Structure formats: structure tokens, C-alpha cells
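Hi there,

Here is the structure I promised to pass on to you. Please open it alongside this email, and I will walk you through what turned up.

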Amino acid sequence: MKFEPNTWYMKNDIATLKDIKFLVDTFYASVQQDTFLSPIFNARLSGRWEMHHRKLYRFWHTVLLLRPDYFGNPVPIHFDMNIDERHFDEWLKIWTETIDDNFEGLIAERAKLRGKTMGSAFLAKIKKATSK
Ligand code: HEM
């Protein structure tokens, strides 16, 4: 049997704010299903998830599509969450899977790479700030 390419399931790259919103919504839907990470998020974000999503749309829009509309300082907000390598590994696993399941292309690759590098940078700063 000859298989023709099926455009129905072909993945596209992350290209628009709509894609960023889909990525963020899908990622946090999986995070909420994750028994290791969800308690940390829920403890901080109960009743505030919508605000968190709106911030994260702007954050990833800035990082990935280079549209500067996030001006916060996200690292210190993570200092008192009691999170370590294991949490960041799980975070990155879900982030990478969410991208691979839904997107393909240059920006999708950049999203995975930035998740990895920023995760490491956050962790290094958290360790430094909490070891004093
Ligand atoms: C296991 C790892 C992580 C956990 C448990 C975590 C958890 C959280 C939580 C609970 C908040 C909301 C804080 C609040 O509003 O009170 C938050 C905010 C945020 N997180 Fe994370 N996070 C993690 C990793 C990351 C990584 C790797 C990035 C970036 C690549 C990131 C980017 C942000 C940003 C941009 C905000 C919004 C900060 C602001 O208010 O301006 N997080 N995070």
C-alpha cells in the first residue's frame, strides 16, 4: 500500500500569539495532572490561575516571538517554593512533551532549548539565594 502525506496531522511551528496561548494552556493542563508538580502550583495559584496564564502568554510571546510585552522579574518569585532539580526535570519533561506533541519547526526547537536553559538558570539562582 502507498502512503500519501496526510496534512491533517502535520504539525506547524509556533508562529502566533494564538499558538503561544495554546502552548501555555496545554502545558499547564498537563502540569495540573502531574501529582508531583501540581501541589506546588495549586498552593500558590488557587483562584489566580487565569492571571498566571495571562502573564505566561506575555512571557513566552516575548521570549519566542520577540514581541516585548513581559517586563517582570520571574526568578525571585520562585525562591520560596522549595523546588529543586527534580521539579525542574519534571517541568522540562512536560514542557518538551507538550511542544513535541503539538509543534514542529525552528521556534518549537527554540522553545525547548529556552525551557532547558532558563530552567537551569532559575535553578542555579534559586540554589544561590536559598543556600545563604
Ligand atoms: C518546577 C519548576 C517551576 C515551578 C514549580 C514554578 C512555579 C511557579 C508559580 C507557582 C508561579 C506563580 C507565582 C505567584 O504568582 O505567586 C510562577 C510564576 C512564573 N514562572 Fe514558574 N515555576 C517553575 C519553573 C519556571 C520556569 C523554568 C520558567 C521559565 C522558563 C518559569 C517562569 C515563570 C514566570 C515568567 C512566572 C510569572 C512571574 C511574574 O509574576 O511576573 N517558571 N512559577
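Which helices each supply at least two residues of the shell around the ligand? They are α2 (38-45), α3, α4 and α5 (106-130). Before going further, please keep in mind that this is a predicted model.

**The ligand shell**

There are 22 residues around the ligand, and those that come nearest are Arg44, Gly72, Pro74, His87 and Met118. By class, the shell around the ligand holds 14 nonpolar residues, together with 6 polar and 2 charged ones.

**The chain as a whole**

The secondary structure comes to 5 helices and 0 strands, so the order of elements from the N terminus on reads α-α-α-α-α. Along its principal axes, the C-alpha trace spans about 65 × 30 × 30 Å. The chain has 132 residues, of which 16% count as buried. If you take the contacts with a separation of 6 or more, 75% of them are between residues 24 or more positions apart.

**How α4 packs against α1**

Helix α1 (residues 17-33) packs with helix α4 (residues 85-102) at an angle of about 130°, and their axes are 10 Å apart. The two helices are therefore oblique to each other. Their crossing is right-handed. On the α1 side, the residues that meet α4 are Leu23, Thr26, Phe27, Ser30 and Val31. Their partners in α4 are Ile94, Trp95, Thr98, Ile99 and Asn102. This contact of α1 with α4 has 6 nonpolar and 4 polar residues, and no charged ones.

**How α4 packs against α5**

The axes of α4 and α5 come within 10 Å and cross at roughly 170°. That angle makes α4 roughly antiparallel to α5, because angles over 145 degrees count as roughly antiparallel. From α4, the residues in this contact are Glu85, Phe88, Trp91, Leu92, Trp95, Thr96 and Ile99. They meet Ala108, Ala111, Lys112, Gly115, Lys116, Gly119 and Leu123 in α5. Sorted by class, the contact of α4 with α5 divides into 8 nonpolar, 3 polar and 3 charged residues. If you are colouring residues, Trp95 and Ile99 are worth picking out: they appear in the contact with α1 and again in the contact with α5.

**Two residues to look at**

The first is Glu90, which sits in helix α4. Is Glu90 buried, exposed or partly exposed? Glu90 has 15 other C-beta atoms within 10 Å and is therefore partly exposed, since a residue needs 20 or more to be buried and 12 or fewer to be exposed. Leaving aside neighbours within four places in sequence, Glu90 is in contact with Asp34, Phe36 and Leu37. The C-alpha atoms of Glu90 and Val31 are separated by 9.2 Å, although these residues are 59 residues apart along the chain.

The second is Phe79, whose place is in the loop between α3 (49-65) and α4. Phe79 is also partly exposed, because the number of other C-beta atoms within 10 Å of Phe79 is 14. Not counting residues up to four places away in sequence, Phe79 touches Ile126, Ala129 and Thr130. Phe79 and Leu123 are 44 residues apart in sequence, while their C-alpha atoms are 9.3 Å apart in space.

Do write back if you would like to go through any of this together.

Best wishes

Notes
Residues are numbered from 1 along each chain as its sequence is written. This is a predicted model: local features need pLDDT of at least 70, side-chain atom pairs count only at pLDDT 80 or more; totals for chains, interfaces and linings use all residues. Axes are lines fitted to C-alpha atoms, for helices over the stretch in contact, and angles run from 0 to 180 degrees between N-to-C directions. Helices (H or I, at least four residues) and strands (E, at least two) are DSSP runs, numbered from the N terminus. Angles under 35 degrees count as roughly parallel, over 145 as roughly antiparallel, 65 to 115 as roughly perpendicular and the rest as oblique. A crossing is left-handed if the near helix is turned anticlockwise from the far one by less than a right angle, and right-handed if clockwise. Two residues are in contact if their C-beta atoms, placed from the backbone, lie within 7 Å. Ala, Val, Leu, Ile, Met, Phe, Trp, Tyr, Cys and Pro count as nonpolar, Asp, Glu, Lys and Arg as charged, and the others, Gly among them, as polar. A residue is near a molecule or strand if its C-beta atom, placed from the backbone, lies within 6 Å of it.
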